[in-house]
Amino acid sequence: MIKKFLFSTFIALCSITALNAQTTKETNKLEDPDNLASQYFSQVMGVAVDATSNIKLYKFVYDWIGTPYRFGGNTKKGIDCSAFTKAIYEKVFNTTLLRNSRDIFSMVDPLSKDDLKEGDLVFFKIKSSRITHIGIYLGDRRFAHASSSRGVVISNLDEPYYARHFYRGGRILESARKELIEE
């Protein structure tokens, strides 16, 4: 009888301790600044929370949203697509890219849409047989870019316009990173 009572008490204490630990873990998760930032950027940019692992990338993009497009520009007064992508890679990934989208494509390992990961590049052939536009993949088919008509925005690869002109995705080759560092 005493053994049953002690065993029941032990089970009850373990259950209470486990419940308390779970509540504490959930509270800590909600109070974690990186988790809060992930949740915020997930909602603002339309990307799943589990796809927002690089908070620095999302903050950089968020800070530039709405910047007007200007061919050849590279400031908040006006920027073009390749300068925007180049700025992201310099500030977020500490990697220097070449200046235009065609040259940047020479630095990547080409990928299909289905193989893209956060931080990969997306290339487009718009009204040309050559690459004319570039953006950075955020996850959930969304990418950030400097649109010639809307400035810095987040768009969806499945929008008919971008789906029609999508050429390839790409991930920066390690050899390209090393070459740039050595120069």
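Okay, so let's start with charges: there are six salt bridges in this structure. Before I go on, keep in mind that what we have here is a predicted model.

One of those pairs sits in a helix. The side chains of Lys-86 and Glu-90 come together in a salt bridge, at 3.2 Å from N to O. Why do those two line up along the helix? Lys-86 and Glu-90 are four residues apart in helix H4, so about one helical turn separates them. As background, side chains of opposite charge can pair when their charged atoms come close.

Right, on to the sheet. It's an open one, with six strands in the order S3-S8-S4-S5-S6-S7, and the pairing is antiparallel. Which strands are at the edges? Those are S3, residues 108–111, and S7, residues 151–156, and each of them pairs on one side only. Going from one strand to the next, the twist averages 35°.

Let me zoom in on S8, since we can follow its partners on both sides. Strand S4, residues 121–124, is joined to strand S8, residues 166–172, by four bridges, and the two run antiparallel. If you want a residue pair to click on, Phe-123 has Arg-168 in S8 as its bridge partner. S3 is also joined to S8 by four bridges, again running antiparallel. There, the partner of Val-108 is Ile-172 in S8.

Now, what about the helices? Going back to S4 and S8, the four bridges between them are part of a sheet that has helices packed on it. Helix H3, residues 55–64, packs on the sheet and touches strand S5 (133–139), strand S6 (142–147) and S7, with its direction at about 130° to that of S5. Helix H4, residues 81–93, packs on the sheet too, touching S4, S5, S6, S7 and S8, and its direction makes about 45° with that of S5.

And how do H3 and H4 sit relative to each other? They pack at an angle of about 140°, and their axes are 10 Å apart. That makes H3 and H4 oblique to each other. The crossing of H3 past H4 is right-handed.

Who makes that contact? From H3 you've got Lys-56, Leu-57, Phe-60, Val-61 and Trp-64, and from H4 it's Phe-84, Ala-87, Ile-88, Lys-91 and Val-92. Sort the residues of that H3 with H4 contact by type and you get eight nonpolar, no polar and two charged.

That's my tour, thanks.

How values were computed. Residues numbered from 1 in each chain as written. Predicted model: local features only at pLDDT ≥ 70, side-chain atom pairs only at ≥ 80, totals over all residues. Heavy atoms only, no water. Pairing = 2+ DSSP bridges. Axes fitted to C-alpha atoms, helices over the stretch in contact; angles between N-to-C directions. Contact = heavy atoms within 4.5 Å. Parallel < 35°, antiparallel > 145°, perpendicular 65-115°, else oblique. Left-handed = near helix turned anticlockwise from the far one by under 90°. Nonpolar A, V, L, I, M, F, W, Y, C, P; charged D, E, K, R; others polar. Salt bridge = Lys/Arg side-chain N within 4 Å of Asp/Glu carboxyl O.
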